[in-house]
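Here's a walk through one predicted model, written for someone who likes cut-offs spelled out. Have the viewer open while you read.

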Amino acid sequence: MIVGCTLKMRTSSEIITVSKRAAKASGFSWGVSEEIGKNINLLEIFNLSGIENFNQYLKEKDSMNLETKFDIINLSSNDSSVCCPIFLGIHLLDNSDKILDLKELKFNKLAYPLIFLPFIQRISYNIGKSINLNFDDIQLELHLNNTLSINKDLKGKIIKSAQTVTIRVRENEDSFSSKVWDELYQLSTNTFVEENERLKSNAAGAGLVDND
């Protein structure tokens with residue numbers, strides 16, 4: 001006889017709280033821990049194994065000698081140290097306007113890139129533009145409405161490092177052609193006469209009331 005077990009799905013509140021407290025217990029400030037909690041939950045919403053990646057990251061971070069201080073302008077010249085996904089993510093999030101100005105940013109050696117991903121998602125929201133994010137051969141498109149498209153199935157995957165990372169801001173474009181827009185707009189103008197007549201009707205009699 002096969003006996004099944006009931007799996008409990010953790011709520012967003014539980015994921016945020018446990019991730020935040022685990023981060024604090026691992027040496028992060030409460031402020032940074034708050035950011036981490038929200039980000040790990042976002043990964044889980046995307047079905048990208050945020051909890052598993054974060055748990056493994058906490059086990060290894062102290063032995064990885066990660067870089068935690070950054071200069072966005074000189075980031076592309078980093079060839080030696082491995083970037084911490086959390087402190088780099090916070091740095092770029094705090095400089096969202098510079099990301100928008102640069103349009104594209106490339107650098108090498110990032111630890112646990114999936115933990116870095118939610119920061120770029122939030123940058124996309126801040127600047128109001130979609131962003132293409134590449135980790136080696138993994139290609140993601142992050143949209144400002146908290147959705148993403150990805151070229152690989154990463155469910156259940158722990159990704160410990162990326163050798164090359166590219167962040168590229170995309171210009172917003174309509175999903176329809178100018179021809180279709182013109183056709184629809186022309187059709188919409190048929191309501192203009194009707195609207196004008198309605199306004200005239202509502203205004204009829206105006207000024208006829210004697211207030212003296």
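What follows covers the overall layout, the sheet, one helix and its packing, and then some salt bridges.

A bit of housekeeping to start. This is a predicted model, where local features need pLDDT of at least 70, side-chain atom pairs count only at pLDDT 80 or more, and totals for chains, interfaces and linings use all residues. Residues are numbered from 1 along each chain as its sequence is written, and side-chain values use heavy atoms, with hydrogens and water left out.

**Layout**

The chain has 8 helices and 5 strands. Those are DSSP runs numbered from the N terminus, with helices being H or I of at least four residues and strands being E of at least two. Reading from the N terminus, the order goes α-α-α-α-α-β-α-β-β-β-β-α-α. Of the 212 residues in the chain, 37% are buried; that word means under 20% relative accessible area, while exposed means over 50% and partly exposed is in between (1.4 Å probe, protein chains only). Take the contacts (heavy atoms within 4.5 Å) with a separation of 6 or more: 66% of them come from residues 24 or more positions apart.

**The sheet**

In what order do the 5 strands of the open sheet sit? They go β1-β5-β2-β3-β4, with antiparallel pairing. Two strands pair if DSSP finds at least two bridges between them. β1 and β4 are the edge strands, each pairing on one side only. From one strand to the next, the twist averages 20°. Angles here run from 0 to 180 degrees between N-to-C directions, and axes are lines fitted to C-alpha atoms, for helices over the stretch in contact.

Zoom in on β3 (residues 138-143) and β4: they run antiparallel and are joined by 4 bridges. Leu140 has Ile150 in β4 as its bridge partner, and Glu141 stands opposite Ser149 in β4. The two strands make a hairpin with 3 residues between them, and Asn146 in the turn has a positive phi of about 60°.

**Helix α4 and its neighbours**

Is α4 mostly covered or mostly uncovered? Mostly covered, with 8 of its 10 residues buried. The buried set is Pro85, Ile86, Leu88, Gly89, Ile90, His91, Leu92 and Leu93. These residues pack against α2 (30-45), α3 (50-60), α5 (96-102), β1 (104-111), α6 and β5 (161-169).

The α6 partnership is worth a look. The axes of α4 (residues 85-94) and α6 (residues 113-127) come within 8 Å and cross at roughly 5°. That makes α4 roughly parallel to α6, a label for angles under 35 degrees (over 145 is roughly antiparallel, 65 to 115 roughly perpendicular, and the rest oblique). From the α4 side, the contact uses Pro85, Ile86, Leu88, Gly89, Ile90, Leu92 and Leu93, and these meet Ile115, Phe116, Phe119, Ile120, Arg122, Ile123 and Asn126 in α6. By type, the residues of this contact split into 11 nonpolar, 2 polar and 1 charged. For that split, Ala, Val, Leu, Ile, Met, Phe, Trp, Tyr, Cys and Pro count as nonpolar, Asp, Glu, Lys and Arg as charged, and the others, Gly among them, as polar.

**Salt bridges**

How many salt bridges does the structure hold? There are 13, a salt bridge being a side-chain nitrogen of Lys or Arg within 4 Å of a carboxyl oxygen of Asp or Glu. Among them are these pairs:

| Pair | N to O distance |
|---|---|
| Glu60 and Lys160 | 3.0 Å |
| Glu171 and Lys103 | 3.1 Å |
| Glu104 and Arg168 | 2.6 Å |

Glu60 and Lys160 form a salt bridge. This pair links distant parts of the chain, 100 residues apart: Glu60 is in helix α3, Lys160 in the loop between β4 (147-150) and β5. Lys160 is partly exposed, at 41% relative accessibility.

Glu171 and Lys103 also meet in a salt bridge. Glu171 lies in the loop between β5 and α7 (178-188) and Lys103 in the loop between α5 and β1, so the pair ties together parts 68 residues apart in sequence. Glu171 is partly exposed at 43%, and Lys103 is partly exposed at 34%.

Then comes the salt bridge of Glu104 with Arg168. Glu104 lies in strand β1 and Arg168 in strand β5, so this pair ties together parts 64 residues apart in sequence. Glu104 is partly exposed at 35%, and Arg168 is partly exposed at 30%. Elsewhere, salt bridges that share partners join Glu35, Lys38 and Arg122 into one network.
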